[in-house]
Amino acid sequence: MLQAIIKESSESSAILFEIEKAFGGHVPNVFQAYAAHPALLAANWQKFKTVMLQGKLRRKVKEAIASVISYDNQCHYCIAAHSAALRSLKMNEPEIAALFENILPADFTEKEAALIKFARKANQNWHSIGGADLKALVDAGVEEGEMLEAMGTMELFIAFNRFADVMGVETDF
């Protein structure tokens, strides 16, 4: 399938090969779906790299945020993708199922747990976020940059959830 996409849009080929390398020989279908529009592929890949592969927060925290956001938004593609990512980070199936029920594994710090729960609340009921929510993050030791990373992760996966569902992206994890 990758070869067909590359023929269709040679502008996308370098980006797709970079994605393939980053994902250990696999180009996730969500990125393949963007390949016909090279500028969107480039923009989404850059944002993914910035949000998920850089920053201060552990990758496991970001994958947990991506997973709960996808679960709450009922995006089957993204649930599968990020559950697979969590398994690769040594979370087992019962821990992943518990995560969806707001029960976090013991290796998450109080600060990380607060960020995951805050991102989930911001996705589900952003109108109810207030000063008390922000104060709770500060009280948990969350720095502004960490809060922005958590919100950036939430934002990225709200968009990927909608895109994957509307475009009917097939699960490949």
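## Starting at arginine 58

Arginine 58 has a relative accessible area of 32%, so it counts as partly exposed. You'll find this arginine in the loop between α4 and α5. Keep in mind that we're looking at a predicted model here.

What does arginine 58 touch once its neighbours within four places in sequence are set aside? Its contacts are Asp107, Phe108 and Glu112. For a sense of scale, take phenylalanine 173, which sits 115 residues from arginine 58 along the chain: the two C-alpha atoms are separated by 22 Å.

## The whole chain

Time to zoom out. The protein chain has 10 helices and 0 strands. Reading from the N terminus, the pattern of elements is simply α-α-α-α-α-α-α-α-α-α. The radius of gyration is 17 Å and the globule rule gives 16 Å for 173 residues, so the chain is as compact as a globular protein of that length.

The C-alpha trace spans about 55 × 30 × 25 Å along its principal axes. How many of the 173 residues count as buried? The share is 48%. There's also plenty of long-range contact: if you take contacts between residues at least 6 apart in sequence, 64% of them join residues at least 24 apart.

## Where α4 meets α10

Now pick out helix α4 (residues 38-53) and helix α10 (residues 144-167). Their axes come within 10 Å and cross at roughly 145°. The crossing is left-handed.

Which residues do the touching? On the α4 side they are Asn44, Lys47, Phe48, Val51 and Met52, and on the α10 side Gly152, Thr153, Glu155, Leu156, Phe157 and Phe160. Sorted by class, this contact is made of 6 nonpolar, 3 polar and 2 charged residues. When you look at the positions in such a list, it helps to know that an α-helix has 3.6 residues a turn, so residues three or four places apart point the same way.

## α5, wrapped up by its neighbours

Helix α5 covers residues 59-72. Its 14 residues should span 20 Å at 1.5 Å a residue, and its end C-alpha atoms are indeed 20 Å apart, so the two values agree.

Is α5 mostly enclosed or mostly open? Of its 14 residues, 11 are buried, so α5 is largely enclosed by the rest of the structure. The buried ones are Lys60, Val61, Lys62, Glu63, Ala64, Ile65, Ala66, Ser67, Val68, Ile69 and Ser70. They pack against five helices that you can pick out in the model: α4, α6 (76-88), α7 (93-100), α8 (110-125) and α10.

## α6, next along the chain

Helix α6 has 13 residues, and from its first C-alpha to its last it reaches 18 Å, close to the 18 Å expected at 1.5 Å a residue. Its buried residues are Tyr77, Cys78, Ile79, Ala80, Ala81, His82, Ser83, Ala85 and Leu86. What do they pack against? The partners are α3, α5, α7 and α10.

## Three positive phi angles

A bit of background first: most residues other than glycine have a negative phi. With that in mind, look at glutamine 74, which isn't a glycine and yet has a positive phi of about 55°. This glutamine follows α5 and lies in the loop between α5 and α6. At 57% relative accessibility, glutamine 74 counts as exposed, because the cut-off for that label is over 50%.

Just after α6, lysine 90 also takes a positive phi, about 75°. Then there's asparagine 102, in the loop between α7 and α8, with a positive phi near 70°. Asparagine 102 has 38% relative accessibility, so it counts as partly exposed.

## A last stop at alanine 33

Alanine 33 lies in helix α3 (residues 29-34). Buried or exposed, or somewhere in between? With 36% relative accessibility, alanine 33 counts as partly exposed.

Apart from its neighbours within four places in sequence, alanine 33 is in contact with Phe163 and Val169. If you'd like one more distance to find in the model, try arginine 120: it is 87 residues from alanine 33 in sequence, and 26 Å away in space, C-alpha to C-alpha.

Notes: Residues are numbered from 1 along each chain as its sequence is written. This is a predicted model: local features need pLDDT of at least 70, side-chain atom pairs count only at pLDDT 80 or more; totals for chains, interfaces and linings use all residues. Side-chain values use heavy atoms; hydrogens and water are left out. Axes are lines fitted to C-alpha atoms, for helices over the stretch in contact, and angles run from 0 to 180 degrees between N-to-C directions. Helices (H or I, at least four residues) and strands (E, at least two) are DSSP runs, numbered from the N terminus. A crossing is left-handed if the near helix is turned anticlockwise from the far one by less than a right angle, and right-handed if clockwise. Contact means heavy atoms within 4.5 Å. Ala, Val, Leu, Ile, Met, Phe, Trp, Tyr, Cys and Pro count as nonpolar, Asp, Glu, Lys and Arg as charged, and the others, Gly among them, as polar. The expected span of a helix is 1.5 Å times one less than its number of residues. Buried means under 20% relative accessible area, exposed over 50%, partly exposed in between (1.4 Å probe, protein chains only). The radius of gyration is taken over C-alpha atoms; the globule rule is 2.2 Å times the number of residues to the power 0.38.
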